[in-house]
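Colleague: I have some questions about the labels on this model. Can you take me through the reasoning?

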Amino acid sequence: QVFAVEREDDAFAWLRRNCAALPGVTAVQADATRVGLPGTPLAELAGRVAAVACNPPYIPADCVPRDPEVAEHDPVAALYGGADGLDVVRGVLRPAAALLRRGGVLAIEHGDAQGVAAGPLGVPATVVAAAEFHEVQDVEDLTGRPRVTLARRR
């Protein structure tokens, strides 16, 4: 069973249409930085989820996306994640920890400059600082760039 979460109204309409064609996938309109916490959507799943995957907005506020199809077509809310690009990444950690069962996996997509090489300002260091996670590592995409951080729930 899969729950796909989207906050923005326009994007949620597309998500709902896409999920309707996929058995076992449910679209949920909610804020990923709050979902799963007490009193929010999916709170009943706390401590029972095997995996949380997140593709948050992660571009720093003063940057321009390098891919033209992204820069020219993606909505601003899907791109920019605050001054360093990690506002939503930091915000997702608490709800992800609440949802995941012990040993569950968190996967967060990020920019290639936000991986291990970014040091204490990068996504892996941010996840490690959350303390609920361990076995934190970057995974490279097909071009060899570190684009996803994986972590396991303690």
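Modeller: The model is predicted, and the questions below set its labels against their cut-offs.

Colleague: What makes Asp138 a residue with no salt bridge?

Modeller: A salt bridge needs a side-chain nitrogen of Lys or Arg within 4 Å of a carboxyl oxygen of Asp or Glu. For Asp138, the nearest side chain of opposite charge is Arg147, 9.3 Å away. So the 4 Å cut-off is not met. Asp138 is nevertheless buried.

Colleague: Why is the link between the side chains of Asp138 and His110 called a polar contact?

Modeller: The distance is 3.3 Å. The cut-off is 3.5 Å between N or O atoms, one able to donate a hydrogen and the other to accept it. So the pair qualifies.

Colleague: Which backbone nitrogen does the side chain of Asp138 reach?

Modeller: That of Val116, at 2.5 Å. Both His110 and Val116 are also among the residues in contact with Asp138, beyond its neighbours within four places in sequence. That list includes Pro124 and Thr149 too.

Colleague: Where does Asp138 sit in the fold?

Modeller: In strand β5, residues 133–140. The open sheet has the order β3-β4-β6-β5, with mixed pairing.

Colleague: What makes β3 and β5 edge strands?

Modeller: Each pairs on one side only.

Colleague: How do you know that β4 and β6 pair?

Modeller: Pairing takes at least two bridges. Five join β4 to β6, so the requirement is met. The two strands run antiparallel. Within this pair, Val105 has Arg152 in β6 as its bridge partner.

Colleague: Which helix lies across the sheet strands β3, β4, β5 and β6?

Modeller: Helix α4, residues 87–99, running at about 155° to β4.

Technical notes:
Residues are numbered from 1 along each chain as its sequence is written. This is a predicted model: local features need pLDDT of at least 70, side-chain atom pairs count only at pLDDT 80 or more; totals for chains, interfaces and linings use all residues. Side-chain values use heavy atoms; hydrogens and water are left out. Helices (H or I, at least four residues) and strands (E, at least two) are DSSP runs, numbered from the N terminus. Buried means under 20% relative accessible area, exposed over 50%, partly exposed in between (1.4 Å probe, protein chains only). Lys and Arg count as positive and Asp and Glu as negative; His and the chain ends are not counted. Contact means heavy atoms within 4.5 Å. Axes are lines fitted to C-alpha atoms, for helices over the stretch in contact, and angles run from 0 to 180 degrees between N-to-C directions.
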